Amino acid sequence: MEFSKKKWRMPRLAGDQRNASYPHCLQFYLQPPSENISLIEFENLAIDRVKLLKSVENLGVSYVKGTEQYQSKLESELRKLKFSYRENLEDEYEPRRRDHISHFILRLAYCQSEELRRWFIQQEMDLLRFRFSILPKDKIQDFLKDSQLQFEAISDEEKTLREQEIIASSPNSSGSKVVLESIYKIPFADALDLFRGRKVYLEDGFAYVPLKDIVAIILNEFRAKLSKALALTARSLPAVQSDERLQPLLNHLSHSYTGQDYSTQGNVGKISLDQIDSLSTKSFPPCMRQLHKALRENHHLRHGGRMQYGLFLKGIGLTLEQALQFWKQEFIKGKMDPDKFDKGYSYNIRHSFGKEGKRTDYTPFSCLKIILSNPPSQGDYHGCPFRHSDPELLKQKLQSYKISPGGISQILDLAKGTHYQVACQKYFEMIHNVDDCGFSLNHPNQFFCESQRILNGGKDIKKEPIQPETPQPKPSIQKAKDASSALASLNSSLEMDMEGLEDYFSEDS
Amino acid sequence: METFDPTELPELLKLYYRRLFPYSQYYRWLNYGGVIKNYFQHREFSFTLKDDIYIRYQSFNNQSDLEKEMQKMNPYKIDIGAVYSHRPNQHNTVKLGAFQAQEKELVFDIDMTDYDDVRRCCSSADICPKCWTLMTMAIRIIDRALKEDFGFKHRLWVYSGRRGVHCWVCDESVRKLSSAVRSGIVEYLSLVKGGQDVKKKVHLSEKIHPFIRKSINIIKKYFEEYALVNQDILKNKESWDKILALVPENILSRFQKSHNSLQRWEHLKKVASRCQNNIKNDKYGPWLEWEIMLQYCFPRLDINVSKGINHLLKSPFSVHPKTGRISVPIDLQKVDQFDPFTVPTISFICRELDAISINEEEKEENEAESDVKHRTRDYKKTSLAPYVKVFEHFLENLDKSRKGELLKKSERDFI
């Protein structure tokens, strides 16, 4: 599959024509974009959308979807990144265009594996659900029509005829609500999740779906279409990846480029082992603080704890040699035989640095990963204290950290409401004495970086000169440098237009 | 009807496949008007031969090919499978993964053994007039839903030959339905849940979906005669204990004082209506009376038969090797009168044919009359005739629909 050689220049649209191409603030992304854009814009759009989807993910964990807090935070995120979200705003062409193009760019990056696809589809669905939920009622019908969905609202007469049946079929709606709501008549096969559980009225092959249930159906349609589209896109992938302009960008993107998986660090070797104790109280998030304390007290940690804490330490800059030294020193204090350590534990440490076996350079765990997988059991110290600690125990811990009672009760409330990362942000604010931490927490190493930034007076650690304790050149730094220089050279050749990408999305290729 | 002797099958089948099996109607059905190329040629059949030899992936070029093969192999059982992407008899030549089941009718199989926990007259493979009503109710309830709720127009109900009924839904759009939607349809039609260890198998929520309400209305028409008289479900301690387990109050004494199931049921209804008003009662909901009726009468479907597109199901007009009965279509207009015990057996119709042939030989016969014409007249003179007529009526409706669709399509194209 070649890049199409034709030069498609979209004529500069004026006024009404621009609005016609994007009649709504949301869409199903059925048509790929067909204009030319520069490489720089390509990259920026992609990065912005990844940031957006990451926020969607984050907010979805910290707040209950659909609540006012969730909605307002998501809206401000959309506004900040200049994507469309609301109808009837001025100058909507540009945000909608950005939304359109960036979605399709991300398809290229996120079609590559089952896990990436699942993540991408989930966030895009949540985003669509939000946008749909704030769509004014009178716009819904237009939007559905334009999106080629066969959903028509039935007339009032038709509604009255079937009023009793519809009320009896809808588990949660009462009589009065049905009278006011729109009812949509759709082919029964499109309402699978509703009719299989007898949650909708069926007549002559059609399901009579109230508005509130239509959202679920629309989202299912969207998911099905997007899933299919991603599979198709994946087929074009070899051709895409062979394009030198795209390859580094797309790889970068799908490894969750927000710069924040903390695997390619620019700060390697800046931490010395004797700093760790003080750092653990000043800059570690509570999960790592408690792991460090347990390690110091028991001279041992179980596997889950070693993984979570060990990778975190790698993320803050420990070298392999430092790590080996660190763990060995501590385990020996627990009367472990040095040989036993070398045989049993050092292999695992080297493995997690990518020096054994598969040589995968394991990335430090994100908050979501810590919260959602591998819960701790008796004798474990890993996990997220806000999620996995008993509230009483959590309270005691916070008291021992000298947090004010007011702060403690706020934190406990947040934890109780399952807003674990927000609770951790609150902890951050309390120990650094700031009103607003200024970031949306999703990674323990992020906590550390932000903390160091504040404590070191705003200087970004990454920018400081590297002073390794051991003379080994870090291959990972080299790679990071290469990637960024590659990008830089790409940027300079940016007048090159991106053309023919729409072919990757179409079925005929 | 004379008893059927399974050892006679090979001879009987030979005659049946040569003179009686309605090939042209059968082909007319599965060819679906020839609208889609190779639809018949890509259809899988499976045969069970003498001594239980089972062969899959049989397919045929046309009606005459089908006839020749059936006459040659003399199958004891014939199953119909899916329409595949390639000719099933060539599936080994197809690249791995490319041979796929693409379309099939939506089918249902209702089997009397699934009701063993609620029928007292028979068990396992046995049936009798007293329990056959379960099938009558099942056909009415399921058919109503398929027609009125799902809008399916071409539904063929067939007696399985021994202890149940099958339904073939043949609408064009239905043949294309995915496995997920088929499963969903079965779920929609299911109310009785739980195996042996579950006492109460039907739980209704406060709101009654129209499907449930309409099904109950059908059951009400049959309940008294079927359950309280014929099945006598409250006849004695053994039978009423099962039902008392579903009821909150102790009405045992009332039961003992009553004389028959009808009276006992009245007492039970009173208790049940008290539950209706007592919303606080978690264990016994407001619809107790209906839940019991549904547990004893509502159809029980096997989801595995319906959900798989490649599932093979017994063909209409095939013979049941154990009973000898032909799998005949059921006339929906006369479903209450359908009696499985009057369905002709293969031996019966073969004997009928013999008798007729002898008579005709005595008359003058035009030698030029083709064998085919002979055959198309033959079944008409046997007890098979009315059932073939039901089948033809079904085929006419299919034809009408097809013509209607083609007309619409050509109008659209014209515009």
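Here, buried means under 20% relative accessible area, exposed means over 50%, and partly exposed is anything in between. Keep those cut-offs in mind for the views below, which all come from a predicted model.

**View 1. A salt bridge in helix α15 of chain A.** A:Lys293 has a relative accessible area of 48%, so this residue counts as partly exposed. Its partner, A:Glu297, comes out at 53% and is exposed. The two side chains meet in a salt bridge, at 3.5 Å from N to O. Both residues belong to α15 (residues 286-298) of chain A and sit 4 residues apart, which is about one turn of the helix.

**View 2. A salt bridge in helix α3 of chain A.** Here A:Glu75 and A:Arg79 pair up through their side chains, with 3.8 Å from N to O. They are 4 residues apart in α3 (residues 68-80) of chain A, about one turn of the helix. A:Glu75 has 14% relative accessibility, so it counts as buried.

**View 3. A salt bridge between distant parts of chain B.** The closest N and O atoms of B:Asp378 and B:Arg19 are 2.6 Å apart. This pair ties together helix α14 (residues 371-378), home of B:Asp378, and helix α1 (residues 9-20), home of B:Arg19, even though the two residues are 359 apart in the chain. B:Asp378 is buried at 3% relative accessibility, and B:Arg19 is buried too, at 16%.

**View 4. A three-stranded sheet in chain B.** The strands line up in the order β5-β7-β6 to make an open sheet, and they pair antiparallel. β5 (106-111) and β6 are the edge strands with a single partner each, so one side of each has no neighbour in the sheet. From one strand to the next, the twist averages 15°. Look for β5 and β7 (residues 164-169), which are joined by 6 bridges; B:Ile110 stands opposite B:Val165 of β7.

**View 5. The second largest pocket.** This pocket has a volume of about 820 Å³. Its lining has 31 residues, and those nearest the centre include B:Ile330, B:Asp331 and B:Leu332. Helix α15 of chain B gives the most to the lining, with 7 residues. By class, the lining splits into 13 nonpolar, 6 polar and 12 charged residues.

**View 6. The second largest cavity.** The whole structure holds 4 cavities of 30 Å³ or more, and the second largest has a volume of about 90 Å³. It is lined by 13 residues, with A:Cys287, A:Cys367, A:Cys384, A:Cys424 and A:Leu441 closest to the centre. The lining has 12 nonpolar residues, 1 polar and no charged ones.

How values were computed. Residues numbered from 1 in each chain as written. Chains lettered and ligands numbered in written order. Predicted model: local features only at pLDDT ≥ 70, side-chain atom pairs only at ≥ 80, totals over all residues. Heavy atoms only, no water. 1 Å grid on protein atoms, 1.4 Å probe; cavity = no way out; pocket = protein on both sides within 12 Å on 5 of 7 lines; lining within 4 Å. Points joined across faces, edges and corners; volume = space filled by probe spheres on them. Nonpolar A, V, L, I, M, F, W, Y, C, P; charged D, E, K, R; others polar. Pairing = 2+ DSSP bridges. Axes fitted to C-alpha atoms, helices over the stretch in contact; angles between N-to-C directions. Salt bridge = Lys/Arg side-chain N within 4 Å of Asp/Glu carboxyl O. Buried < 20%, exposed > 50% of the residue type's maximum accessible area, 1.4 Å probe, protein only.
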